[in-house]
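Thanks for coming. I have one structure to go through today, and I will keep to charged pairs, the nonpolar core and a few single residues.

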Amino acid sequence: MRAGADGIFVPGATAPDDLARLANAIPVPLNVLIVPDLPLPELARPGVRRVSTSSLLYRAAIDAAVQTATSVRDARPVPAATPPCKNA
């Protein structure tokens, strides 16, 4: 922080008790990787202020592409490229 950091990134922290201890010990915002079983409000509760997706969006896109390609190969229905908007 003496070098000017405006937050601390702790990618391996996932347990709410650990997140709370870190947030209480660090005088700048705590940033963690998205935790699959903890929605954003539950990450905020122990003091997390920033959440990074890292490669999650890329991996989700690759997974969707593989599933679609497999469906095409296996002659199964493929999903729409863009789901219909529910608010339209």
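A salt bridge here is a side-chain nitrogen of Lys or Arg within 4 Å of a carboxyl oxygen of Asp or Glu. Please keep in mind that what you see is a predicted model. As background, side chains of opposite charge can pair when their charged atoms come close.

With that cut-off, a search of the whole structure turns up four salt bridges. I will go through some of them.

Start with R50 and D6. Their closest N and O atoms are 3.6 Å apart, so the pair counts as a salt bridge under the 4 Å limit. Where do R50 and D6 lie? R50 is in strand β3, which covers residues 48-52, while D6 is in the segment before β1, and β1 is residues 8-9. The two residues are 44 apart in sequence, so this salt bridge ties together parts of the chain that are separated by that distance. As for accessibility, R50 is partly exposed, at 34% relative accessible area. D6 has 54% and is exposed.

Next, the pairs around D74. The side chain of D74 forms a salt bridge with R73, at 2.8 Å from N to O. D74 also meets R76 in a salt bridge, here at 3.4 Å. Because these salt bridges share a partner, R73, D74 and R76 are joined into one network. How accessible is each member? R73 is exposed, with 62% relative accessibility. D74 is partly exposed at 37%, and R76 is partly exposed at 42%.

Now to the nonpolar side. Which residues make up the largest nonpolar core? There are eleven: A13, L19, A23, I26, V28, L30, V32, V35, L38, L43 and V48. Helix α1, residues 16-25, supplies at least two residues of this core, and so does strand β2, residues 30-33.

Let me take one core member by itself, A13. This residue sits in the loop between β1 and α1. Is A13 buried or exposed? A13 is buried, because its relative accessible area is 8% and the limit for buried is under 20%. Setting aside residues up to four places away in sequence, A13 touches L19, L22, V32 and V35. Of these contacts, V32 is 19 residues from A13 along the chain, and the C-alpha atoms of A13 and V32 are separated by 6.8 Å.

Nonpolar residues also appear on the surface. Y58, I62 and V66 make a nonpolar surface patch of about 310 Å². V66 is placed in helix α3, which runs over residues 56-73. At 47% relative accessibility, V66 is partly exposed.

The last residue is S71, which also lies in helix α3. Is S71 buried or exposed? S71 is buried, with a relative accessible area of 8%. What does S71 touch, leaving aside its neighbours within four places in sequence? The contacts are R76, P77 and V78. R76 has come up already: this is the residue whose side chain forms a salt bridge with D74.

To go back over the main points: R50 and D6 link parts of the chain 44 residues apart in sequence. R73, D74 and R76 form one salt-bridge network. The largest nonpolar core has eleven residues, A13 among them. That is what I have; questions are welcome.

How values were computed. Residues are numbered from 1 along each chain as its sequence is written. This is a predicted model: local features need pLDDT of at least 70, side-chain atom pairs count only at pLDDT 80 or more; totals for chains, interfaces and linings use all residues. Side-chain values use heavy atoms; hydrogens and water are left out. Helices (H or I, at least four residues) and strands (E, at least two) are DSSP runs, numbered from the N terminus. Buried means under 20% relative accessible area, exposed over 50%, partly exposed in between (1.4 Å probe, protein chains only). A nonpolar core is a set of buried Ala, Val, Leu, Ile, Met, Phe, Trp, Tyr and Cys residues joined through side-chain atoms within 4.5 Å. Contact means heavy atoms within 4.5 Å. Patches are made of residues with over 30% relative accessible area and no salt bridge: like charges are joined within 9 Å, nonpolar side chains (Val, Leu, Ile, Met, Phe, Trp, Tyr) within 5 Å. Accessible areas come from the Shrake-Rupley method with a 1.4 Å probe; for residues, only the protein chains shown count as cover.
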